[in-house]
2 protein chains.
Amino acid sequence: MRNLKLSLFVVLMSSIVFGQEKPVTYVNPFIGTSNYGATNPGAIAPRGMLSVSPFNVAGKIELNPLEKDSQWLSNPYVNENKFLTGFSHVNLSGVGCPDLGVIISMPTTGEFKTNHLDYGTTYSEETAKAGYYSVALDNYKVKAEVTASTRVGVSRYSFPAGKANVLLNLGLGLTNEQGGMLKINSATEVEGFRTVGSFCYNSPEQAYPVYFVARLSKPAENFGVWKTPNKYEGVEAQWMGYNGKTRLKEGFKREVVGDSLGAYFSYDFEKATQVELKIGVSYVSIENARENLDQEAKDKSFDEVYTETRNAWNKKLKQIEVEGGTKDDKTIFYSALYHTQIHPNIFNDVNGEYPEISTGEIGKTDGTRYTVFSLWDTYRNYHQLMTLLYPQEQLEMVHTMLDMYDENGWLPKWELNSTETFTMVGDPASVVLADTYLRGLTDFDVEKAFEAMKKSATQTEGNPLRPGLKEYLDLGYVSVDSKIAGPVSTTLEYNISDYAIAQLAKELGKKKDYKQFSKRALSYKDLYNPKSGFLQPKMSDGKWYEPFDPNAGANFTENVGYIEGNAWQYLFMVPQDIEGLIALMGGESQFENKLDEVFEKDQYDMANEPDIAYPFLYNYIKGSEWKSSKRVSQLIDEYYHNAPNGLPGNDDTGTMSAWLVYAMMGFYPTTPAQPDYAIIEPRFKKITIHLNPEYYKKEKLIINRLDPEEAENVGKKSLYNKDKFFISHDTLMNIGEINIASEKE
Amino acid sequence: MRNLKLSLFVVLMSSIVFGQEKPVTYVNPFIGTSNYGATNPGAIAPRGMLSVSPFNVAGKIELNPLEKDSQWLSNPYVNENKFLTGFSHVNLSGVGCPDLGVIISMPTTGEFKTNHLDYGTTYSEETAKAGYYSVALDNYKVKAEVTASTRVGVSRYSFPAGKANVLLNLGLGLTNEQGGMLKINSATEVEGFRTVGSFCYNSPEQAYPVYFVARLSKPAENFGVWKTPNKYEGVEAQWMGYNGKTRLKEGFKREVVGDSLGAYFSYDFEKATQVELKIGVSYVSIENARENLDQEAKDKSFDEVYTETRNAWNKKLKQIEVEGGTKDDKTIFYSALYHTQIHPNIFNDVNGEYPEISTGEIGKTDGTRYTVFSLWDTYRNYHQLMTLLYPQEQLEMVHTMLDMYDENGWLPKWELNSTETFTMVGDPASVVLADTYLRGLTDFDVEKAFEAMKKSATQTEGNPLRPGLKEYLDLGYVSVDSKIAGPVSTTLEYNISDYAIAQLAKELGKKKDYKQFSKRALSYKDLYNPKSGFLQPKMSDGKWYEPFDPNAGANFTENVGYIEGNAWQYLFMVPQDIEGLIALMGGESQFENKLDEVFEKDQYDMANEPDIAYPFLYNYIKGSEWKSSKRVSQLIDEYYHNAPNGLPGNDDTGTMSAWLVYAMMGFYPTTPAQPDYAIIEPRFKKITIHLNPEYYKKEKLIINRLDPEEAENVGKKSLYNKDKFFISHDTLMNIGEINIASEKE
């Protein structure tokens, strides 16, 4: 017995002290649920079409200070809110505008109520893991647990004895779109759809349905639909005692449509009972939603679905293994990697069908159709990271983008569920396509890609992607008097895209294009005002726009010249020509001083994309490269935490998280479409990246952080961050192991 | 040449002078479209599920004095209105409450508009025939023609050269219900549904969808959906520049739901062009609507559908042939017969499916499922006429009523599209069932029918058909303090139903029931106040309700005691016991004087049902029988015309028309569930009723109106309206030929 006890003790100790925890255990889905991170702690499978998020942003401003209708709020859940009104089944993560957040289920007890302000409740005991979320609903003594497969949300409600209800509210939603349809099929099933759309208040005419089939594990004793109609106006309304009042349609089994409606399924349990609710969704049809539900979850329990999803997450995350670093370091790292695997998400049904963009037709794929391309954000680092870690997915995203070009005639800009929202500026798809190819993922129709890129770069009439293109071609910049929002930002973005086109042209041997677009990529110089030392807005007659204030426009306030930023935050956003910018500014020391000023004068905005590469730019300044590591380390410590406010701001569909993943690994792709990386000190002692053998020769890339004495031993030849501060993508992928010197003395 | 011309002249003369016009040519669908007749001139097949009616009751009060929202208006079309906003595809005829009047199509030219107030137009050149309506739309120079098969509406729009549009407005409607769904499938097809219901402002929770598929003969060049969303409220709305504004969804091919939405199909014609629009409907599903459309009209032209429907009408109408009489006499006669063939209408799809009442299930029939049972109206004469003329249809209606009992546990009261609206008072289904059986149509489950009748007559708790039954059984009447609307009317109706049950019990050999219900059928006597000479409202303690004014309650004003009538109009509504009433009133002369008073004091209401049999009651007074013919003749002349105001008021789903058909043929079923008729002078010289040989032994019933000299010749034995003023149903059906003496000297 004694021996047995001892053995057991050793085993236990091993797993606690020596055992490597699975990466999935480090995911904290609460990170980013405050400070406008706009993530949610709901359950989702990797790149899931659906997630099940607690919904706590509706009504009761005294409990929900961040209430969806009282302000611009873009997420279904905010950590500091306290009043929960259900669980939404399609959600966006880390975006800046409200949409989706619909198909909201809710367990209650007692007599059911239909108004979320009446049935909502405070809650406690929140738990969130990758693929799992649970909460205790105070008013009902109900424990609600949720998990999800790719296209199916599974909820498990643990009811006490007595009357219990499962509600499905189709009226409530984060989107500002209205209108849904419900049809109850039986005591265990309801189908329907909900209208969503007008993301960022754009393209409301494209509002579209998300279809669902919801199925319960136990037949309800009573079921029905409620609907609150809009008030009928006119003299005749005097006879309508029911005008505008909520109606209950008990047992009703045909279609009901409206702006405010829901389904209820009621029970009376003799003892505490669990009910599972499975909801399959589709953007094609109710039939497809049913097929998704059946294929993914019909015969699976809550626990089975959760186990599969948890395993899928772990498989994803263990693509990178880290050693050293605190638990918080690992947590923010793996949670960031987790957040890069939410969007772009899978859009096709299990049968391959999806709605095409703009055509109104249903397309079909043998692979994966992705959606949610927030390209203004993600072209800067996100897709580079995907190329490295998940090359097959990155290629499928490229295929999706080219399919959109086939369907629509244009590459995507800010695509959401096959609607082009035209959010933000620039022409970022070209950068993603060129960057992917140049980093070695060439398994796509690059000639078509090049054609598509050139089209948006050259077609001056009826071009939805590049407004102001003609002026840009004529003058080299978009002018203030063009009335195009953010003319400086737009010019800089076009320069970056043109650089990407040039780089791809070069690779493809298109010399004329290479020459032409290389020249175009430098036209930002026309906006440099040597007097102020900034890239400034200019009039079409060549005069500077007055007045000019480089500080104006911070914190999302509007200004002339820049989109979501000010002159400080755009000054260095010429990654394609840092050497040129240095020259323009008068040399390295002027460049360095100005870059220091950004940080010292509190003009650096960690929460947005234009200056996202700034801290790495010290690598271009001989002798000051150490500052990159210092700045990055400071920014990580200041902005990224193992806490709800642990993202600097909006996650921007994973871009902020991708930044952190790179930053903690010690390298960063400073220049999109230029396949190299700046090297800085990694956060972890050892990082092992498993490379996909179908795309890379080496199985692994190991990154070692060497302390000074270790650095001495390996010698300069294989050491980075001493004399060598950049590495090409190709070298890095084939190096097998890389040693990076620590900045620490 | 000379001979040919002569021959042609003779042929032409023959067809004009000697040729018998087909009955269908005498139908004037405009009759009843004014004076609140509530019929419409639209195209419909006999008992069609669908009709295509011009819709001119929305908006522009200066052009449409009878505007649907500015008052209680129950029809899609009013003859005196002038502003047309389309053609509605499901409509009720001759009812007193607004419902249906939805799925509204409209042809326009030029740029299409989406608001009916903008695209509506005045019109001219209206033509209406059985199964056909056409009109010229002033603003567009478009001729619109419509026809219909049972479940499909077919429109033919003759457009001039230039831009043309076919609109399908799902927002507009006569019903007060809201909400619809549209999904465009192609440049020629759109499907969807529209919510309807809450007839007479009852049972809004039962609001239900009517499904449709609409198909165009020519592919549109452009198509799409418009939707005007409801205004979004909240601070966030400030970012929604599109808040509450109409959106165009060009080319959109997925579901759109809303309260205000429609589809447009646009053309640009080089020359004048006809477009046909076919709309199939179903109350089961879109799939069934499509099957209905395909089965009935897919391969048929407008002209083919119209020809078939016209032939079907003629076949129906030629069941009765009349000779003598003016063209107007024939027109009001055949138009009345036409109006008896609108409701009850076919409810099942071509595949036999229909929504069951209350269960939410889809039923299936091999025969015909009927709907629109306005039984408070129709039990008095309508079903008797159907038994005579169309026994198979009457039996199918009985089967439908018993199926409803199977589904619902109750017989219908005022059933509309499988919703029980509980409109009006009494328990009229029992009367229809008993009357049908007693007139010899016995091919139904009479034991089940008797069980259903007894259930509503005896179940004192949870009885939706007979409120106040317990008091009625205890006291013999429903009291004022029961708070049940119209306690006198209710008591009288229950008496009539009890009489019907007694008569059927007698026939079935159920002696105890016969005795019990015979007694119950006479309890009206408790309400007779010898002092006033009226049937008066009474308190539960046996005291008369005060004050009492026999004139109060005329013209639909509310009063204590009576529903839609006053004490005059209910005094003689004891058809089951006219002899008893005579005794109660003190003899025949008192009875006659009081009956005279009703007419002379302008207390007779030709426009409603309680006193509908009054003019025939003189047949009960020896020596004054001639007054029946006189009163009836006067009423016909005063209230029935070949003109839009040619019905005395609401047609009550054909009850007023059935009255006219009987009245003009010279006999009338004064006592429901008592199979005999009062005889009066016919309006025509000769009437030939073709009897269905499957149900009657004789092939024909010929009615001859004999002038005095002719009467002399035939002798008293075979002469009616001299000494014999009643005839049993059985005798009449087997008499072959009946001679009725003219009152004229």
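Reader: Before the domains, what does buried area mean here?
Author: Buried area is the accessible area, taken with a 1.4 Å probe, that two parts lose on being put together, summed over both. The model is predicted: local features need pLDDT of at least 70 and side-chain atom pairs count only at pLDDT 80 or more, while totals for chains, interfaces and linings use all residues. Residues are numbered from 1 along each chain as its sequence is written, chains are lettered from A and ligands numbered from 1 in the order in which they are written, and side-chain values use heavy atoms, with hydrogens and water left out.

Reader: How much area do domain 1 and domain 2 of chain A bury between them?
Author: They bury about 1,800 Å², 53% of it on carbon and sulfur atoms. Domain 1 covers 23-315 and domain 2 covers 372-741 of chain A, with bounds that come from an automatic or database domain assignment.

Reader: What separates the centres of the two domains?
Author: Over C-alpha atoms, the centres of domain 1 and domain 2 of chain A are 38 Å apart. The contact (heavy atoms within 4.5 Å) takes 28 residues from domain 1 of chain A and 26 residues from domain 2 of chain A.

Reader: How many salt bridges lie between those domains?
Author: The count is one salt bridge, a term for a side-chain nitrogen of Lys or Arg within 4 Å of a carboxyl oxygen of Asp or Glu. Arg47(A) and Glu393(A) meet in a salt bridge through their side chains, at 2.6 Å from N to O.

Reader: And which residue classes make up the side of domain 1 that touches domain 2?
Author: That side of domain 1 of chain A has eleven nonpolar, 15 polar and two charged residues. Ala, Val, Leu, Ile, Met, Phe, Trp, Tyr, Cys and Pro count as nonpolar, Asp, Glu, Lys and Arg as charged, and the others, Gly among them, as polar.

Reader: Turning to the chains, how many residues does the contact take from chain B and chain A?
Author: The contact takes 48 residues from chain B and 48 residues from chain A. Chain B and chain A bury about 4,300 Å² between them, 49% of it on carbon and sulfur atoms.

Reader: How many salt bridges cross that interface?
Author: The rule finds four salt bridges between chain B and chain A. Glu177(A) and Arg247(B) form a salt bridge with their side chains, at 2.7 Å from N to O. On the side of chain B that touches chain A, 21 residues are nonpolar, twelve polar and 15 charged.

Reader: What rotation superposes chain B on chain A?
Author: A rotation of 180 degrees, with 0.0 Å of shift along its axis, does so at RMSD 0.0 Å. The two copies are thus related as by a two-fold rotation axis. The same surface serves both copies, since 100% of the contact residues of chain B recur in chain A. The superposition is by least squares on the C-alpha atoms of residues with pLDDT of at least 70 in both.

Reader: New topic: which residues does a cis peptide bond join in chain A?
Author: Glu546(A) and Pro547(A) are joined by a cis peptide bond, with omega about -5 degrees. In chain B, a cis peptide bond joins His343(B) and Pro344(B), with omega about -15 degrees.

Reader: And what is phi of Ala673(A)?
Author: Phi of Ala673(A) is near 70 degrees, a positive value in a residue other than glycine.
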